[in-house]
Amino acid sequence: MTANALETLVLGGGCFWCIEAPFKELRGVQAIEPGYAGGHTPNPTYEQVCTGRTGHTEVVRVTFNPAELSCADLLRIFFVMHDPTTPNRQGNDVGTQYRSAIFWQDAAQEKTAYAIRDEIAAQHVWPNPIVTEIAKLEHFWPAEDYHRDYFARNPGNPYCSAVIPPKIAKMRRLFRDRLVDSAG
């Protein structure tokens, strides 16, 4: 890997809007794209994924600079920013499309995903067992354009205003030293 090489990791932690907004504040994150992965329906639509019959989960493809934010640290943050112990659910969002998932793209990411999952479990960050799916990324299907920067463009949406600001506040509180505007 060259010094300037970027890496991508595909993560599912409930609604993709709820992962995209706080992760955009992390130093080292170059881009975040909402989409779908882990299912059997080619080129799914949001409406299809919402039925829970496509097998896909809502995900974000995070492009990051590993010199600023390692894959391991990104995963540590991921495991704290959503509840990885609730099968097919995040809060009131229920269905396979909201499952916790890490879709790796190479052996190093796979190894890191299992290691960080085990590290978080050993630290008892969560009172229940972690059920995050860890699987090879077979295909990433980009979500419809209106999902990009959804919270930034729709802060008054009742779902967004109830669910996302607490996640952003948690990110700012727990990972202050990792934020774009922090010195260091």
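Here are five short exercises with worked solutions on the structure above, which is a predicted model.

**Exercise 1. Work out whether C15 is bonded or unbonded to another cysteine, and give the disulfide count.**

Start with the partner search: the closest cysteine sulfur to that of C15 sits in C18, at 4.3 Å. Next, bring in the cut-off, which asks for sulfurs within 2.5 Å. The C15–C18 gap is too far for a bond. Counting by this rule over the model gives zero disulfides. While you're there, check the surroundings: C15 is buried at 5% relative accessibility, and C71 is buried too, at 9%.

**Exercise 2. Classify the ring pair F16–Y36 and place it in the fold.**

First, get the overall tally: the whole structure holds six aromatic pairs. For F16 and Y36, the ring centres are 5.8 Å apart and the planes make an angle of 50°. Stacked needs under 30 degrees and edge-to-face needs over 60, so what's left is tilted, and tilted is indeed how this pair comes out.

Now locate the two rings. F16 belongs to helix α1 (residues 16-23) and Y36 to strand β2 (residues 29-37), so to speak a link between distant parts of the chain, 20 residues apart. Both ends are covered: F16 has 1% relative accessibility and counts as buried, and Y36 is buried at 0%. Finally, widen the view: F16 and Y36 join W17, Y46, Y150 and Y159 in one aromatic cluster.

**Exercise 3. Find out how many residues of helix α3 are buried, and what they pack against.**

Step one is the count: of the 11 residues in α3 (residues 71-81), 10 are buried, which leaves the helix mostly covered. Step two is to look at who they are; among them are C71, D73, L74, I77, F78 and M81. Step three is the neighbours. On the strand side, the buried residues pack against β1 (7-13), β3 (57-64) and β6 (100-104). On the helix side, they meet α1, α4 (107-122) and α6 (158-174).

**Exercise 4. Trace the salt bridges made by E33 and state which network they belong to.**

Take R61 first: its closest N to an O of E33 is 2.4 Å away, a salt bridge. R61 is in strand β3 and E33 in strand β2, so this pair ties together parts 28 residues apart in sequence. R61 is partly exposed at 28%, whereas E33 is buried at 13%.

Then take R148, whose side chain meets E33 in a salt bridge at 2.8 Å, N to O. This pair spans 115 residues, with R148 in the loop between β8 (141-142) and α5 (150-153) and E33 in strand β2. R148 comes out partly exposed, at 32%. Put the pieces together and you have a salt-bridge network of E33, R61, D145 and R148.

For the bigger picture, the search returns 10 salt bridges. Another one is R172–E25, at 2.7 Å from N to O. R172 lies in helix α6 and E25 in the loop between α1 and β2, so they tie together parts 147 residues apart.

**Exercise 5. Look at the backbone of N43 and N88: is phi positive or negative, and where do they lie?**

Begin with what to expect: most residues other than glycine have a negative phi. N43 is not a glycine, yet its phi is positive, about 45°. N88 also has a positive phi, about 55°. Now place them. N43 lies in the loop between β2 and α2 (46-50) and is exposed at 51%. N88 is in the loop between α3 and β4 (89-90) and is partly exposed at 31%.

Conventions: Residues are numbered from 1 along each chain as its sequence is written. This is a predicted model: local features need pLDDT of at least 70, side-chain atom pairs count only at pLDDT 80 or more; totals for chains, interfaces and linings use all residues. Side-chain values use heavy atoms; hydrogens and water are left out. Buried means under 20% relative accessible area, exposed over 50%, partly exposed in between (1.4 Å probe, protein chains only). Rings of Phe, Tyr and Trp (its six-membered ring) pair if their centres lie within 6.5 Å; planes under 30 degrees apart count as stacked, over 60 as edge-to-face and the rest as tilted. Helices (H or I, at least four residues) and strands (E, at least two) are DSSP runs, numbered from the N terminus. Contact means heavy atoms within 4.5 Å. A salt bridge is a side-chain nitrogen of Lys or Arg within 4 Å of a carboxyl oxygen of Asp or Glu.
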